[in-house]
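Colleague: I'd like to go through this model with you and ask how you back up each label.

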Amino acid sequence: MRKYLFSAGFALLVAATSASITMMTPPAFASQIKYVVNNVPITTGDIQHRAAFLRLQRKKGNAAEEMIGQTLRVAEAKRLGIRISDAQVEAAYQRFATTNKMQLKQLDGVMAQAGVGKEHFKEFIRSQMAWNQALTARRRSESGGALSEQDVVRRMLDNGGTKPTAMEYMLQQVIFVVPAAERSVTLSKRKREADAMRARFNGCNTSREFAKGLIDVTVRDLGRILAPQLPPDWADQIKATKVGGATPTRETDRGVEFIGICSSREVSDDKAAQMVFQSEGSSGKDADELSTKYIEELRKKARIVER
């Protein structure tokens, strides 16, 4: 996710900007429909916010074209049944603030003062998270789902005959369930309960005992998971957590969750090799080329009207 959401340079720039624009007055943007992309309007306000976002990143680019591209990506993800929840977006926004040693209010202020706006940034996050999943689905479709045994052998030979290694995790998922109808009332209380259990977590063998006295708490053993298979939203936190510990809690569609790290070890079997090579093909230049090709195809099929 980090690759497609923002560069390290952008993160540092935002952090530096937080101390330098507090006296500025945020710009006010008028909003009229400028483009209609497959019946979805893009306003002048959207374009102005994106132009401000490009300036904040110190990137060159056409704000209108970027908004057209984002609209196409969102529509394609929706067609594929991909949905990024508000909770996922809020969690990513929070992680960005935390990584840059900022409070949420500080990050909100930076985005407002720069003319980007927190909602524009959040929708950018949502669109990029959805697009990552769309790219993964496209890649699987084009490759038939996974690398064949012959593909793995070929990649190993290209790699000097060395079989790659990967970390294998045994994980446990703890969910403090929050029904949708009760979310606005009980979510904060459930988060406090989840934080308290997470603070007491000292290994996967005792978690069910802790959960016995709690209401609507589910403990799931997730089994063997290789590093390239880790869910993108959890991967960085899992990798940063020691064995016997637990990731920070997160709000999700199900409620409040954390992941316990039961064990980890480095493995170098055929499955690990396949997953490592598969993940290498889904990042860097290959991913950029696939994304560009995919967007070009969507644009050719799209109906784009300028007002």
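Modeller: Sure, here come the disulfide and then some strands. It's a predicted model, where local features need pLDDT of at least 70, side-chain atom pairs count only at pLDDT 80 or more, and totals for chains, interfaces and linings use all residues. Residues are numbered from 1 along each chain as its sequence is written, and side-chain values use heavy atoms, with hydrogens and water left out.

Colleague: How do you know that C204 and C262 form a disulfide?

Modeller: Their sulfur atoms sit 2.0 Å apart, and a disulfide is a pair of cysteine sulfur atoms within 2.5 Å, so the pair qualifies. The structure holds one disulfide.

Colleague: What makes the disulfide of C204 and C262 left-handed?

Modeller: The torsion about its S-S bond is about -95°, so it's left-handed.

Colleague: Is C204 buried or exposed?

Modeller: Buried means under 20% relative accessible area, exposed over 50%, and partly exposed in between (1.4 Å probe, protein chains only). C204 has 12%, so it's buried. C262 has 27%, so that one is partly exposed.

Colleague: Why do you say that strand β1 (residues 33-37) and strand β2 (residues 40-43) pair?

Modeller: Strands are DSSP runs (E, at least two residues), numbered from the N terminus, and two of them pair if DSSP finds at least two bridges between them. β1 and β2 have four bridges, in the antiparallel sense, so they pair. V36 stands opposite P41 in β2.

Colleague: What about β1 and strand β7 (residues 304-306)?

Modeller: Three bridges join them, so they pair too, running antiparallel. Y35 has E306 in β7 as its bridge partner.
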